[in-house]
Every structure is written in C-alpha cells, then in structure tokens.
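Here is a short report on one protein model. Look at the sequence and the fold first, then read on.

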Amino acid sequence: QVQLVESGGGLVQAGGSLRLSCAASGRTSSSYVMGWFRQASGKEREFVAAISRSGGSPNYADSVKGRFTISRDNSKNTVYLQMNSLKPEDTAVYYCATKGALRVEYDYWGQGTQVTVSS
C-alpha cells in the first residue's frame with residue numbers, strides 16, 4: 001500500500017501561482033510514476049501531468065503545457081506541481097496518484113486538494 005497526501009491548494013487570483021505537494025509513504029517502491037489529475041465541479045477527472053522515477057521526460061496535458069511544471073524529490077518521496085499563470089478554468093480538486101512501472105492504471109490516489117482561481 002502507498003499513502004498519498006496532497007497539500008498546497010488554496011485560493012489565488014488569475015495570473016497567480018501555486019505549488020502543490022504530494023508526499024508518499026508506505027510501499028513507495030511501487031511509486032514508479034507519479035501523476036497529477038484534476039476534477040472540476042460537474043466534470044470528469046482529467047490528466048494534468050506525470051513524471052517517472054528518474055524524472056526524465058515528464059508529460060503534460062495540452063491545457064497546462066508551458067504553465068505547469070511537475071517535479072519529484074525521490075529522497076523525500078514527494079512530487080510537486082508548480083502552477084503558474086493560473087486561469088479560472090484551472091479551478092478543480094487536484095489529486096496525486098501513483099502506479100508501478102508496468103501498470104497502465106494508477107493504483108493509489110490521494111484525497112485531493114482544492115485549487116480555486118478567481119477572475
């Protein structure tokens with residue numbers, strides 16, 4: 001089992017920045033890929049960004065490319081999401097998730113953190 005705890009959400013004005021953190025504990029050897037997803041009210045959950053254990057070649061949703069940066073500190077079992085130039089449409093609950101190297105689906109999920117961007 002892997003436990004994930006997100007933090008760093010909040011209320012910010014459009015154009016502002018926030019940095020989300022997600023700390024993993026438990027069987028972190030299973031946390032090969034760590035990702036961020038979001039779910040806006042009344043919408044389906046969508047992929048935001050993901051990064052492998054090595055940190056190479058992170059991938060992003062088109063909607064956040066150039067504005068969001070995902071990174072991880074394996075010594076702290078923590079993944080970060082730096083969000084810049086925030087827009088009202090970025091408002092959502094942001095979830096951290098992780099999966100093993102050979103897994104297609106994400107196995108473990110955090111409880112989520114609310115990000116609200118005011119116009």
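## Strands and their partners

In strand S3, Ser21 is the bridge partner of Ser7. This is a predicted model, in which local features need pLDDT of at least 70 and side-chain atom pairs count only at pLDDT 80 or more, while totals for chains, interfaces and linings use all residues. Residues are numbered from 1 along each chain as its sequence is written, and side-chain values use heavy atoms, with hydrogens and water left out.

Some terms come first. Strands (E, at least two residues) and helices (H or I, at least four) are DSSP runs, numbered from the N terminus. Two strands pair if DSSP finds at least two bridges between them. Strands of a sheet pair through backbone hydrogen bonds, either parallel or antiparallel.

Now the open sheet. It is formed by 4 strands in the order S1-S3-S8-S7, with antiparallel pairing. Strand S1 (2-7) and strand S7 (68-73) stand at the edges, and each has a single partner strand, so one side of each is left without a neighbour in the sheet. From one strand to the next, the twist averages 15°. For such angles, axes are lines fitted to C-alpha atoms (for helices over the stretch in contact), and angles run from 0 to 180 degrees between N-to-C directions.

S1 and S3 run antiparallel and are joined by 6 bridges. Strand S3 (residues 18-26) is also joined to strand S8 (residues 78-83) by 6 bridges, and this pair runs antiparallel. Here Arg19 stands opposite Gln82 in S8.

Side chains along S1 alternate. Val2, Leu4 and Glu6 point to one face and are buried, while Gln3, Val5 and Ser7 point to the other and are not. Buried means under 20% relative accessible area, exposed means over 50%, and partly exposed lies in between (1.4 Å probe, protein chains only).

Back to Ser21, a residue of strand S3. Ser21 counts as buried, at 19% relative accessibility. Leaving aside neighbours within four places in sequence, Ser21 is in contact with Val5, Glu6, Ser7, Trp36, Thr78, Val79 and Tyr80. Contact means heavy atoms within 4.5 Å.

## Strand S9

How many of the 8 residues of S9 are buried? The count is 7, so S9 is largely enclosed by the rest of the structure. The table lists partners of S9.

| Partner of S9 | Bridges | Sense | A facing pair |
|---|---|---|---|
| S4 (residues 33-39) | 7 bridges | antiparallel | Arg38 opposite Tyr94 in S9 |
| S11 (residues 113-118) | 3 bridges | antiparallel | Tyr94 opposite Thr113 in S11 |
| S10 (residues 108-109) | 2 bridges | antiparallel | Thr98 with Tyr108 in S10 |

Tyr94 appears twice. Arg38 stands opposite Tyr94, and Tyr94 stands opposite Thr113.

## The cavity

A search of the whole structure finds 1 cavity of 30 Å³ or more. On a 1 Å grid over the protein atoms alone, a cavity is a set of points where a 1.4 Å probe fits but cannot get out, and lining residues have an atom within 4 Å of a point. Grid points are joined across faces, edges and corners, and a volume is the space filled by probe spheres set on the points.

The largest cavity holds about 30 Å³ of space. Which residues line the largest cavity? They are Ala24, Thr28, Ser31, Met34, Arg53, Arg72, Asn74 and Asn77. The lining divides into 2 nonpolar, 4 polar and 2 charged residues. Ala, Val, Leu, Ile, Met, Phe, Trp, Tyr, Cys and Pro count as nonpolar; Asp, Glu, Lys and Arg count as charged; the others, Gly among them, count as polar.

Take Thr28, one of the lining residues. Thr28 lies in the loop between S3 and S4. At 17% relative accessibility, Thr28 counts as buried. Not counting residues up to four places away in sequence, Thr28 touches Val2, Arg53 and Asn77. Thr28 and Gly42 are 14 residues apart along the chain, and their C-alpha atoms are separated by 32 Å.

## Two positive phi values

Most residues other than glycine have a negative phi. Asn77 has a positive phi, near 50°. Asn77 is found in the loop between S7 and S8 and is partly exposed, with a relative accessible area of 28%.

Ser85 also has a positive phi, near 50°. Ser85 is found in the loop between S8 and strand S9 (92-99). With 41% relative accessibility, Ser85 counts as partly exposed.

Note on methods:
1 Å grid on protein atoms, 1.4 Å probe; cavity = no way out; pocket = protein on both sides within 12 Å on 5 of 7 lines; lining within 4 Å.
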